[in-house]
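Got the model open on your screen? Let's walk through it with a few quick questions.

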Amino acid sequence: MTVSSHAQGAKLPVIGALWMEGKLSFLEQLCLKSFLDAGHKVVLYHYGPLENVPEGIELGDANEFLPQSNFLTHERTGSPALHSDLFRYKMLEKSDNVIWADTDAYCMRPFVTETGHFHGWESGSHINGGVLGLPKDSDTLKELLAFTSDEFSIPTYYGDEYTKELEEKKAAGTPVHASEQPWGVWGPHAVTHFLHKTGESKHSFAQDVLYPFTFKDRRMMLKRNFDVSPYVTENTMSVHLYGRRMRKRLVEREGGAPHPKSLLGSLLIKHGIDPEKAPLPPRQVQDVPELHDAEFQAQIGLEGLKESLNFGQIAKKYSVERRFVRQCRDKIRDNAASLFKE
């Protein structure tokens, strides 16, 4: 799930890849080994037993930075993203000359920074924290640590209406926990907000440096004989592989591994990674109880009726699909008359 780096002369050894426990697939192996092959030192922090760790990768105890006793997961998805976000900020705080990079970040060439800042634009509106370097005296780092020190902190970057809603609930004695707030609340949304607040966004790289492929264009990395030159430029230092979605695509559409003539397939060959020796886990269809909860459906449906947010924004806020928002809205609208029948 994540990697960090740290300077040694002109190069930055990777200090922290965080993988909770279990088996690494060829996708994580590729990204970790890309840093190793670029001259970085790589240490994979973990909480439990690990398998399929590439030779040359060092292992470290994740409790050194963030004890497992305070393990945070997103309520509806079960994702450890909150814990991962907090882990990287703690690591940046406690380590010298560090850069963090997720394990779905492929290293094109060594990460080097003269300022200690190492972050970049993922789109025209967001700076991603998947690759993140901040000097220890960074005001942004101080803001991130302060904000995430309170699990009930109120993010003001989702608009006045949502801020007011959280403030009212806090005043009523029912504050909203970070795990119940929108996806990315401690991650890219917080990073973008505080980099702008402190003015340190001036150090952020242009999009082609760390995120040359947008989320929308991620499938181009799987196309055979595709010319990547419009995306990967002479400035590109890393490529974000969008791990969760890439794994899903590979399992469902690509037979579990990329074609050798695709960008991703060619990178596996370049680094000597065999997909058959570290396969992706098979797709698991999980039933999310909240999706069947009437109160949860009603809450989403009412937001859809208010139209203060569009379906995409509501879907992002509640970590559901757009069509689910539409279904909830339509269910209330189409059955409203029955509510007033005696």
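Q: What percentage of the 342 residues of the protein count as buried?
A: Keep in mind that this is a predicted model. A residue goes into the buried pile when its relative accessible area is under 20%. Of the 342 residues in the protein, the share that counts as buried is 48%.

Q: Why is the protein as compact as a globular protein of that length?
A: Start with the parts: the protein has 11 helices and 11 strands. For 342 residues the globule rule gives 20 Å. The protein is as compact as a globular protein of that length because its radius of gyration is close to that value, at 21 Å.

Q: Which element gives the largest share of the largest nonpolar core?
A: That core has 31 residues, and Leu18, Phe87 and Trp186 have the most contacts inside it. Elements giving two or more residues to the core include β4 (42-46), α2 (81-94) and α5 (188-198). The largest share is six residues, and it comes from α2.

Q: How many residues are in the second, separate core?
A: Leu27, Leu30, Cys31 and Tyr242 are among its members. Counted apart from the largest core, this second one has 23 residues.

Q: How far apart do the centres of the positive and negative side chains lie?
A: On the positive side there are 41 side chains, and on the negative side 46. Take the centre of each set, and the two lie apart by 6 Å.

Notes: Residues numbered from 1 in each chain as written. Predicted model: local features only at pLDDT ≥ 70, side-chain atom pairs only at ≥ 80, totals over all residues. Heavy atoms only, no water. Helix = DSSP H or I, 4+ residues; strand = E, 2+ residues; numbered from the N terminus. Rg over C-alpha atoms; globule rule 2.2 N^0.38 Å. Buried < 20%, exposed > 50% of the residue type's maximum accessible area, 1.4 Å probe, protein only. Lys, Arg positive; Asp, Glu negative; His and termini not counted. Charge placed at Lys NZ, Arg CZ, Asp CG, Glu CD. Core = buried A, V, L, I, M, F, W, Y, C linked by side-chain atoms within 4.5 Å.
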